[in-house]
Amino acid sequence: MTYVKLLRFLALSLMLWTTAAAAQPVVIGVSEDYPPYAYRDTLGQITGFDVDVASRICARLGQDCRLEMRPLAGLLRGISEGSLDIAIGGLAATPARAEMGNLTCPLLYFLSREEMFYARTAGVNVTTATIATVRGSLQEWALVQRGLRLAVYETTEAAVQAALSGQVDAVFGTTRSLEAVAGASQMLVEVDRMEMPPVGAAFMVSRQRPDLLAQWNGQILQLFDSGEIDRLHTQYENFNGDFPQTRQLSVACLRGNRPLF
């Protein structure tokens, strides 16, 4: 085979592969208990900031996207194994997760924030208590770094229920995490706080679908340029207080002017 024929063959193979990849449905894994990124509304429908962004990208690209509900640990495993094409739901963009799959540029950055310990009664000492958290979460990693005693659960709902039932002394998270269980915000009280490390929130993309990473990063940039990301952030009650000052960090990453980490 001549050099020219080889180039033509490789170009045709790439074109056929790209066409086949584009025709494949895009399986998007989502955790349904992490508001405001992804959760079930009062009608039982999956909604949230990440869900809305993903649905807009799918529509703009004309992709057949299908949601698949999994707990956080299942999302990470699905991306690593290739049973999911994309995972969404407020996923922290960390070097450890970059080893499991590709990461888009962050849609949001959290520069400084505190999360809370909630218990049934005041006076719980978190340094000696057993704390409920979600497997594979940034919260689990932060608690391990502090050397606290943990009980790890597959979902936010299970972690909150453990605190309510007395299986653990406290649960670690935000006021929104308590919304996973009806009435939890009235039954649990804040007993302590902990500073979380600065981090971005991104989408994860399976390495078995390399065509998707550039496509989705490109669409995220267009949604920023059109102001749609800003409108969605406002729609979800401006939940990230760092958004106004960090928006440009996301755009710089998407334009290739800032590293992912």
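**A five-stranded sheet and its aromatic pairs**

Let's start with the open sheet: it has 5 strands in the order 11-10-12-9-13, with mixed pairing. Strands here are DSSP runs of E, at least two residues long, and helices are runs of H or I of at least four, both numbered from the N terminus; two strands pair if DSSP finds at least two bridges between them. Strand 11 (149-153) and strand 13 (189-196) sit at the edges with a single partner strand each, so one side of each has no neighbour in the sheet. From one strand to the next, the twist averages 30°.

A word on what you're looking at: this is a predicted model, where local features need pLDDT of at least 70, side-chain atom pairs count only at pLDDT 80 or more, and totals for chains, interfaces and linings use all residues. Residues are numbered from 1 along each chain as its sequence is written, and side-chain values use heavy atoms, with hydrogens and water left out.

Now zoom in on one edge. Strand 10 (residues 130-134) runs parallel to strand 11, and 5 bridges join the two. One residue to find there is Thr133 in strand 10, whose bridge partner in strand 11 is Val152. Helix 5 (residues 138-146) packs on the sheet, touching strand 9 (113-119), strand 10, strand 11, strand 12 (170-173) and strand 13. The direction of helix 5 makes about 85° with that of strand 13 (axes are lines fitted to C-alpha atoms, for helices over the stretch in contact, and angles run from 0 to 180 degrees between N-to-C directions).

Back to Thr133: at 2% relative accessibility, Thr133 counts as buried (buried means under 20% relative accessible area, exposed over 50%, partly exposed in between, with a 1.4 Å probe and protein chains only). Beyond its neighbours within four places in sequence, Thr133 has contacts that include Gln139, Leu143 and Tyr153, contact meaning heavy atoms within 4.5 Å.

On to the rings. Phe, Tyr and Trp rings (for Trp, the six-membered one) pair if their centres lie within 6.5 Å; planes under 30 degrees apart are stacked, over 60 edge-to-face, and the rest tilted. The count comes to 5 aromatic pairs. Phe49 and Phe239 make an edge-to-face pair, 5.4 Å centre to centre with 70° between the planes, and they lie 190 residues apart in the chain. Both Phe49 and Phe239 are buried. Phe117 and Phe172 have ring centres 4.6 Å apart and planes at 40°, so that pair is tilted. This pair takes us back to the strands, with Phe117 in strand 9 and Phe172 in strand 12.
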